[in-house]
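Opening the notebook on a new model today. I want to go through the helix packing and a handful of residues, one entry at a time.

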Amino acid sequence: MKSTAIALAAYGGFLILIGLAGYLSNPEKAKTALISGGTFGLLNIGLGWLALRGWSRAAPIALGVAVFLGLVFTWRSIMSWTAVAGGQSEKLVAAALISSMLVATIGVAVWLVTARRRSDTAKSKPDPLASA
């Protein structure tokens with residue numbers, strides 16, 4: 001669970017930083033970037049802390065949050081890159097930031113799924129030293 005906690009905290013910190021970068025790139029129109037990056041960043045940091053404390057539901061909840069965010073970031077990436085392709089070059093920074101959040105979200109979701117499988121596999125293997 002320690003590696004899961006670290007992954008969730010790092011992901012949460014990344015979301016906060018990207019939200020801040022989005023806000024700083026366009027303070028008049030990107031307040032939601034700061035709010036959503038901060039909110040979901042803190043949520044993931046909190047889930048990481050709970051995972052570190054041994055709360056078994058932290059990782060499944062974090063996976064659900066990652067799936068939700070993955071859908072949102074996919075939608076927003078498509079909309080942003082479509083705008084850039086349509087000549088709205090001012091949307092380029094937002095498109096790149098949202099796409100980076102999508103890539104990080106996919107990475108965290110894969111990490112959470114594989115971490116659970118690694119944990120289940122480790123539990124099912126007999127301990128070779130136990131019979132010695």
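**Entry 1: a starting residue**

In which helix is leucine 34 found? I looked it up, and leucine 34 is in helix 2. This is a predicted model, by the way. Leucine 34 has a relative accessible area of 36%, so I put it down as partly exposed. Setting aside neighbours within four places in sequence, I found leucine 34 in contact with Gly19, Leu20 and Tyr23. I also checked leucine 24, which is 10 residues from leucine 34 along the chain; their C-alpha atoms are separated by 8.8 Å.

**Entry 2: the whole chain**

I stepped back to get the overall layout. I count four helices and zero strands in the chain, and from the N terminus on the order reads α-α-α-α. Of the 132 residues, 30% count as buried. I then looked at contacts with a separation of 6 or more: residues 24 or more positions apart account for 66% of them.

Next, confidence. The mean pLDDT of the chain is 91, and 89% of the residues reach 70 or more. Among the elements, helix 3 has the highest mean pLDDT, at 97, and helix 4 (residues 92-124) has the lowest, at 88. A reminder to myself: where pLDDT is low, the predicted coordinates should not be read in detail.

**Entry 3: helix 1 against helix 2**

Now the packing. Two packed helices are described by the angle between their axes and the distance between the axes, so those are what I pulled up for each pair.

For helix 1 and helix 2 I get an angle of about 170 degrees, with the axes 7 Å apart. That angle is over 145 degrees, so helix 1 is roughly antiparallel to helix 2. Sorted by class, this contact has 16 nonpolar, nine polar and two charged residues.

**Entry 4: helix 2 against helix 3**

How do helix 2 and helix 3 run, roughly parallel or roughly antiparallel? Their axes cross at roughly 160 degrees and come within 9 Å. Helix 2 and helix 3 are therefore roughly antiparallel to each other. I noted the crossing as left-handed. On the helix 2 side the contact is made by Phe40, Leu43, Asn44, Leu47, Leu50 and Ala51, and on the helix 3 side by Ala58, Ile61, Ala62, Val65, Phe68 and Leu69. By class, those divide into 11 nonpolar, one polar and no charged residues.

**Entry 5: helix 1 against helix 3**

Helix 1 (residues 2-25) and helix 3 (residues 58-85) pack at about 30 degrees, and their axes are 12 Å apart. Since that is under 35 degrees, helix 1 is roughly parallel to helix 3. This crossing is left-handed. I listed the residues that meet: Thr4, Leu8, Tyr11 and Leu15 from helix 1, with Ala59, Ala62, Leu69 and Phe73 from helix 3. They divide into seven nonpolar, one polar and no charged.

**Entry 6: asparagine 44**

I went back to asparagine 44, which lies in helix 2. Is asparagine 44 buried or exposed? Its relative accessibility is 1%, so it counts as buried. Beyond its neighbours within four places in sequence, asparagine 44 is in contact with Leu8, Ala9, Tyr11, Gly12, Leu15, Val65 and Leu69. Leu8, Tyr11 and Leu15 are already in my notes as helix 1 residues that meet helix 3.

**Entry 7: two residues of helix 4**

Which residues is threonine 105 in contact with, leaving aside its neighbours within four places in sequence? I found Tyr11, Ala66, Leu69, Gly70 and Phe73. Threonine 105 lies in helix 4, and it counts as buried because its relative accessible area is 1%.

Valine 108 is also found in helix 4. Its relative accessible area is 9%, so valine 108 is buried. Neighbours within four places aside, valine 108 is in contact with Leu8 and Tyr11. I checked alanine 10 as well: it is 98 residues from valine 108 in sequence, and the two are 9.7 Å apart in space, C-alpha to C-alpha.

One last cross-reference: Tyr11 turns up in the contacts of asparagine 44, of threonine 105 and of valine 108.

Note on methods. Residues are numbered from 1 along each chain as its sequence is written. This is a predicted model: local features need pLDDT of at least 70, side-chain atom pairs count only at pLDDT 80 or more; totals for chains, interfaces and linings use all residues. Side-chain values use heavy atoms; hydrogens and water are left out. Axes are lines fitted to C-alpha atoms, for helices over the stretch in contact, and angles run from 0 to 180 degrees between N-to-C directions. Helices (H or I, at least four residues) and strands (E, at least two) are DSSP runs, numbered from the N terminus. Angles under 35 degrees count as roughly parallel, over 145 as roughly antiparallel, 65 to 115 as roughly perpendicular and the rest as oblique. A crossing is left-handed if the near helix is turned anticlockwise from the far one by less than a right angle, and right-handed if clockwise. Contact means heavy atoms within 4.5 Å. Ala, Val, Leu, Ile, Met, Phe, Trp, Tyr, Cys and Pro count as nonpolar, Asp, Glu, Lys and Arg as charged, and the others, Gly among them, as polar. pLDDT is the predictor's confidence in each residue, from 0 to 100. Buried means under 20% relative accessible area, exposed over 50%, partly exposed in between (1.4 Å probe, protein chains only).
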